[in-house]
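I sat down with this one to see what could be looked up directly. My notes follow in the order I took them.

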Amino acid sequence: MLTIHHLRLSQSERIVWLAEELGLDYECKLYTRRADNRLAPDDFKALHPMGIAPVIEDDDRVLGESGAIMDYIVAKYAPDTPLVPRADHPDFADHLFYYHWANATFMTNGMMALVAQAMGAKEMPPFVADRMRKSWAIIEKRLGEADYFGGSQLTTADIMMGFQLTTSRAMSGTAIDGMPNLQAYLQRIGARPAYQRAMAKCEPGMPPKLD
């Protein structure tokens, strides 16, 4: 039995969304952040040596890391899913780029900004601000070229990108005024039944940040 351990307000929502898109039989266990420091509670940290989200259990295997979990679930439960374009598909390269760029660059930019803030910086370091500006420009441009980051249809690249564009943005207060392509994209995502089911399980009572 596949169990997804979801820490509320974290990127583990990606895994629940993936499971819903694939129509998998799974259990979602919710964990609430600590009130004193907003970090994961001890029972969540005990699941995996890193102590961070996401984490899954599948039979006797415990696995962390968003990309690794997505690759594992797809390979084991849905190897023929259109959520992962084949090498001969015209969207293959773009899908790969955004699938990896989501955490390797885009989310890393946000983490650098958080670290700078935690260290007392009054404003974002110039090189971080430049990386953030470039990233948001890439997003808006891409969504003017294609309906999805992965190309003509939803792929796991979109599922990887989603957290930073929705829940994370709700926490940071980042506005997307002047980004009509991204705004339209988020409405397409929000209309997906699988996304709606996932967010209802992950963040009950909290409407997704889609504007």
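I began with R38, which counts as partly exposed because its relative accessibility is 44%. For the cut-offs, buried means under 20% relative accessible area, exposed over 50% and partly exposed in between, with a 1.4 Å probe and protein chains only. I found R38 in the loop between β2 (26-31) and α2. R38 is not a glycine, yet its phi is positive, about 65°.

Ground rules, before I go on. This is a predicted model, so I note that local features need pLDDT of at least 70 and side-chain atom pairs count only at pLDDT 80 or more, while totals for chains, interfaces and linings use all residues. Residues are numbered from 1 along each chain as its sequence is written, and side-chain values use heavy atoms, with hydrogens and water left out.

**Entry: the hairpin**

Next I looked at β3 (residues 55-58) and β4 (residues 61-64), which pair in the antiparallel sense over four bridges. Two strands pair if DSSP finds at least two bridges between them. Across the pair, I see E57 standing opposite V62 in β4. The hairpin has two residues between its strands. D59 sits in that loop between β3 and β4, and its phi is positive, about 60°, although it is not a glycine. Is D59 buried or exposed? I have it down as exposed, because its relative accessible area is 56%.

Upstream of β3 I checked P54, which lies in the loop between α2 (42-45) and β3. The peptide bond joining A53 and P54 is cis, with omega about 5°.

**Entry: helix α1**

How many of the ten residues in α1 are buried? I get nine, so I call this helix (residues 13-22) mostly covered, going by the under 20% cut-off. The buried set is E13, R14, I15, V16, W17, L18, A19, E20 and L22. Charged residues are among them, including E13, R14 and E20. Just after α1, G23 takes a positive phi of about 70°.

**Entry: S168**

I found S168 in helix α7 (residues 167-172). S168 counts as buried because its relative accessible area is 17%. I also looked up its separation from T3: the two are 165 residues apart in sequence and 23 Å apart in space, C-alpha to C-alpha.

**Entry: the whole chain**

I count nine helices and four strands. Helices (H or I, at least four residues) and strands (E, at least two) are DSSP runs, numbered from the N terminus. Along the sequence the pattern reads β-α-β-α-β-β-α-α-α-α-α-α-α. The radius of gyration is 17 Å, close to the 17 Å that the globule rule gives for 211 residues, so the protein is as compact as a globular protein of that length. That radius is taken over C-alpha atoms, and the rule is 2.2 Å times the number of residues to the power 0.38. The C-alpha trace spans about 50 × 45 × 30 Å along its principal axes.

Of the 211 residues, 47% count as buried. Among contacts (heavy atoms within 4.5 Å) between residues at least 6 apart in sequence, 65% join residues at least 24 apart. I noted about 10,600 Å² exposed, with carbon and sulfur atoms supplying 56% of it; the areas come from the Shrake-Rupley method with a 1.4 Å probe, and for residues only the protein chains shown count as cover.
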